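Hi,

Here is the structure I promised to pass on. Have a look at it first, and then read my notes below.

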Amino acid sequence: MTLRTSARVAGFTFWIYFAAGMAGLLLAGNAPATAVLSLVTSFSALVLGVTLYAITREQDPDVAMLGLTCRVIEAVPGPGEIYFAVGSAAFCWLLLRGRMIPIALAWLGVIASVLLVMLLPLQLAGFFGGRRAWSSPVTWAVWLPLLVFELTLAVWLITRGVAAPAARRSA
């Protein structure tokens, strides 16, 4: 696939991932629906891992592989939030370093992802209301910027794609 095609697939997949995740939260009492939505989010995580790897691998193959691996682990049913956060941080850093998306957008993704990487272990330790404390204002304060980043990135990837990585443009 070309960079543009990978970017578009990633953009649409971000929206599918978001919609399935939100629907899963809204339908938490409906076991069959949440099971199907869980499969959709898992598959979306895999597609995002592959497409974001394809977009960023020329910038740094090792960091891109870390991001891909985290997205694959995130896709396994169970608590995958920390792998999501680390994978997001890795891919955002490569998008920033390669100047493949607007710098301000990339920085938003890096900062929001790193904050989430720091918050999640604290929640596991019982701070901020516990592991899945969506009622905690701290949880929302950290997740909301990442949500804004991902939805904005999705629109950017669908409409504009990505620029060639900086290292490749100079070669």
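How far apart are the mean positions of the positive and negative charges of the protein? The answer is 9 Å, with 11 positive and 6 negative charges going into those means. Please keep in mind that this is a predicted model, so everything here is computed from its atoms.

Now the overall picture. The protein has 7 helices and 0 strands, so from the N terminus on you simply read α-α-α-α-α-α-α. Along the principal axes, the C-alpha atoms fill a box of roughly 50 × 30 × 25 Å. The radius of gyration is 16 Å, which agrees with the value near 16 Å that a compact globule of 171 residues would have. Of the contacts with a separation of 6 or more, 69% are between residues 24 or more positions apart. As for the surface, the protein exposes about 8600 Å², and 74% of that comes from carbon and sulfur atoms. Buried residues account for 44% of the 171.

On to the inside. The largest nonpolar core has 37 residues. Helices α1 (3-26), α2 (31-56), α3 (61-75), α4 (81-97), α5 (103-124) and α6 (137-159) each put at least two residues into this core. In soluble globular proteins, nonpolar side chains do tend to be buried together. The residues with the most contacts inside the core are Ile 55, Ile 101, Leu 116, Leu 153 and Val 162. Ile 55 is a good one to click on: leaving out residues up to four places away in sequence, Ile 55 touches Leu 3, Ser 6, Ala 7, Leu 95, Met 100, Val 162 and Pro 165.

Two residues of helix α4 are also on my list. Ser 88 is found in that helix and is buried, because its relative accessible area is 3%, under the 20% cut-off. Not counting neighbours within four places in sequence, Ser 88 is in contact with Ser 113, Leu 146 and Glu 150. Leu 96 lies in α4 too, and with 3% relative accessibility Leu 96 counts as buried. With neighbours within four places set aside, the contacts of Leu 96 are Ile 103, Ala 106, Trp 107 and Val 110. For one of these, Trp 107, the C-alpha to C-alpha distance from Leu 96 is 6.8 Å, at 11 residues apart in sequence.

Then there are the loops. Is Ser 136, at 8% relative accessibility, buried or exposed? Ser 136 sits in the loop between α5 and α6, and the 8% makes this serine buried. Its C-alpha atom is 20 Å from that of Phe 149, which is 13 residues away along the chain.

Last, a backbone detail to check by eye. Most residues other than glycine have a negative phi. Arg 99 is not a glycine, yet has a positive phi of about 55°. You will find Arg 99 in the loop between α4 and α5. Arg 99 is partly exposed, because its relative accessible area of 40% falls between the 20% and 50% cut-offs.

If you only have a few minutes, I would start with Ile 55 and its contacts, and then go to Arg 99 and its positive phi.

Cheers

Conventions: Residues numbered from 1 in each chain as written. Predicted model: local features only at pLDDT ≥ 70, side-chain atom pairs only at ≥ 80, totals over all residues. Heavy atoms only, no water. Core = buried A, V, L, I, M, F, W, Y, C linked by side-chain atoms within 4.5 Å. Buried < 20%, exposed > 50% of the residue type's maximum accessible area, 1.4 Å probe, protein only. Helix = DSSP H or I, 4+ residues; strand = E, 2+ residues; numbered from the N terminus. Contact = heavy atoms within 4.5 Å. Rg over C-alpha atoms; globule rule 2.2 N^0.38 Å. Areas by Shrake-Rupley, 256 points an atom, 1.4 Å probe, with all protein chains shown as cover. Lys, Arg positive; Asp, Glu negative; His and termini not counted. Charge placed at Lys NZ, Arg CZ, Asp CG, Glu CD.
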